[in-house]
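Student: Please take one part of this model and look at it closely. I would like the helix that matters most to the packing described here, with its surroundings, in one connected account.

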Amino acid sequence: MILLLLALGCEADAGAAATVTSNGLNGVQASPTSAGMNQVLDALDSRERALDRRETSIEDREAELRAVEEELQGRIEELEALRGTLETLMNEGDALRAERVRALIKMTESMRSAQAAAFLEEMDQDLAVEVLEGMNRGKAGKALAAMAPDVAARLAETLTLSPLQRTRLEESG
């Protein structure tokens with residue numbers, strides 16, 4: 001520190017001791033003729049206070065960021081829990097629907113061919129195809145034979161498509 005002051009052209013007392021603490025520069029013995037040295041010390045002290053303020057500001061920002069990060073992490077955990085609940089509900093809904101379709105298949109198989117044909121003709125096409133796929137082949141064939149030719153042809157054509165092709169067909173028209 002003394003070398004810095006000497007390099008700036010300030011004279012320091014030979015017995016002067018400079019100590020740096022968290023409160024700035026203390027214990028500097030300066031002669032009355034060292035006004036330049038006092039200015040340098042004041043500038044250094046001012047700079048140190050500015051750096052302390054900046055450090056405090058950065059620490060405050062870091063604390064705010066940690067709080068926001070914790071809040072976001074809580075929200076993410078909440079959303080993941082909701083996602084799990086939603087997936088469970090969807091799986092339960094799919095299982096319930098599959099059970100109902102199986103019951104519908106059994107009911108349709110127990111009908112006479114003409115009744116089954118009329119029932120399937122009035123049904124949504126996708127559901128009718130799903131029921132026909134689940135039915136005994138012979139009973140499904142008899143039901144298709146008892147239908148109006150255009151409806152039977154449309155359902156038979158849809159039966160030959162893969163699920164992906166069916167999806168594309170639905171999306172296009």
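Tutor: What follows goes from the overall layout to one helix, α4, and then to the residues around it.

The model is a predicted one. The protein has 7 helices and 2 strands, and along the sequence these run α-β-β-α-α-α-α-α-α. Of its 173 residues, 18% count as buried. Among contacts between residues at least 6 apart in sequence, 50% join residues at least 24 apart. About 12700 Å² is exposed, with carbon and sulfur atoms supplying 54% of that area.

The place to start is the largest nonpolar core, which has 19 residues. Leu120, Val131, Leu132, Met135, Met147 and Leu155 are the ones that touch the most other members. At least two residues come from each of α2 (35-109), α3 (113-122), α4 (125-134), α5 (137-145) and α6 (149-159). The largest contribution is that of α4, with 4 residues.

Within α4, the buried residues are Ala128, Val129, Val131 and Leu132. They line one face of the helix, because their directions from the axis fall within an arc of 165°. An α-helix has 3.6 residues a turn, so residues three or four places apart point the same way. The cover over the buried residues of α4 includes α2, α3, α5, α6 and α7 (163-172). At the N-terminal end of α4, Asp124 acts as the cap, with a side-chain oxygen 3.3 Å from the backbone nitrogen of Asp126.

One of the helices covering α4 is α3. Its own buried residues are Ala116, Ala117 and Leu120. These lie on the same side of α3, because they cover an arc of only 100° around the axis. Ala114 and Glu122, on the other side of α3, are exposed. The buried residues of α3 pack against α2 and α5 as well as α4.

On the α2 side, Leu104 is a useful residue to follow. Leu104 belongs to helix α2 and counts as buried because its relative accessibility is 15%, under the 20% cut-off. Leaving aside neighbours within four places in sequence, Leu104 is in contact with Phe119, Met123, Leu127 and Val131. Val131 is one of the buried residues of α4. The C-alpha atoms of Leu104 and Ala128 are 10.0 Å apart, with the two positions 24 residues apart along the chain.

On the α6 side, the corresponding residue to follow is Thr158. Thr158 lies in helix α6 and, at 6% relative accessibility, counts as buried. Its side chain makes a polar contact of 2.8 Å with the side chain of Gln125. Beyond residues up to four places away in sequence, Thr158 touches Gln125, Val129 and Arg166. Val129, like Val131, is among the buried residues of α4.

Last comes Met135, one of the core residues that touch the most other members. Setting aside its neighbours within four places in sequence, Met135 is in contact with Ile105, Thr108, Glu109, Leu120 and Ala140. Leu120 is itself in that group of core residues and is a buried residue of α3.

Terms used. Residues numbered from 1 in each chain as written. Predicted model: local features only at pLDDT ≥ 70, side-chain atom pairs only at ≥ 80, totals over all residues. Heavy atoms only, no water. Core = buried A, V, L, I, M, F, W, Y, C linked by side-chain atoms within 4.5 Å. Buried < 20%, exposed > 50% of the residue type's maximum accessible area, 1.4 Å probe, protein only. Contact = heavy atoms within 4.5 Å. Arc of directions from axis to C-beta. Polar contact = N/O pair within 3.5 Å; in protein donor to acceptor, adjacent residues only side chain to side chain. Areas by Shrake-Rupley, 256 points an atom, 1.4 Å probe, with all protein chains shown as cover.
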